[in-house]
Amino acid sequence: MGYKIQGTMRRNKKNFIIFAVLWVILSIVFVMPISYSITNASVGGEFDMAKFFSGIYDGVVNLGTVIGKTFTPNYIGTFFSTLLKFSVLYAIFVLIGLIKTAPKNEYSDIEHGSSDWSKNGEQYRILSNKKGIILAKDNYLPVDKRGNVNVLVVGRIRFW
């Protein structure tokens, strides 16, 4: 289970900054006009749906005015409750996205046949880390060892 969390964090380091910036932008452009129009539409105890939708449009068009009015005593409570609901919904979507990027198994993103599969230098029982036929970075097949030193090269050669 720990490899899934570590793999998800490793894959999404850059995305966390994007998620935070997107949350701030959506909070300003989306949540402020909605909370502004909710407060204006519910004046008098009743909620006027037509006034709500026209208020959202006016709030997006006149965003500077809405930002100024949002932090007044009449609007601040509605803004924070709307922001809390939006943040919970946003966190759920971010969590779903992170779960979808979690590695399927412990060996996801590890090259098949690389020395990353071995632990604590166990590949050097057979291989050398100094000289021989190059297999991978810091992994050489020694040519002076006894036994089979045949090498199968899989891949293609590109000529330019």
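Which residues do ring pairs link into a cluster? They are Phe30, Phe86 and Tyr90. Some notes on the aromatics follow, bearing in mind that this is a predicted model.

1. Start with the overall tally: searching the whole structure turns up eight aromatic pairs. One of them joins Phe16 and Phe19, whose rings sit edge-to-face, with 6.3 Å centre to centre and 80° between the planes. The edge-to-face label applies because the cut-off for that class is over 60 degrees.

2. Phe16 and Phe19 both belong to helix α2 (residues 13-41), and because they are three residues apart there, about one helical turn separates them. As for solvent, Phe16 comes out partly exposed at 31% relative accessible area, and Phe19 is partly exposed too, at 23% relative accessibility.

3. Now to Phe30 and Phe86, another aromatic pair: this one is tilted, at 5.9 Å centre to centre with 55° between the planes. Phe30 sits in helix α2 and Phe86 in helix α5 (residues 76-100), so this contact ties together parts that are 56 residues apart in sequence.

4. How buried or exposed are the two partners, Phe30 and Phe86? Phe30 has 42% relative accessibility, so it counts as partly exposed. Phe86 has a relative accessible area of 13% and is buried, because the cut-off for that class is under 20%.

5. Back to the opening question: the Phe30 and Phe86 rings are a tilted pair, and the cluster that ring pairs build from them also takes in Tyr90. If you're browsing the model, you could look at helix α2 and helix α5 together here, since Phe30 lies in the former and Phe86 in the latter.

Technical notes: Residues are numbered from 1 along each chain as its sequence is written. This is a predicted model: local features need pLDDT of at least 70, side-chain atom pairs count only at pLDDT 80 or more; totals for chains, interfaces and linings use all residues. Side-chain values use heavy atoms; hydrogens and water are left out. Rings of Phe, Tyr and Trp (its six-membered ring) pair if their centres lie within 6.5 Å; planes under 30 degrees apart count as stacked, over 60 as edge-to-face and the rest as tilted. Helices (H or I, at least four residues) and strands (E, at least two) are DSSP runs, numbered from the N terminus. Buried means under 20% relative accessible area, exposed over 50%, partly exposed in between (1.4 Å probe, protein chains only).
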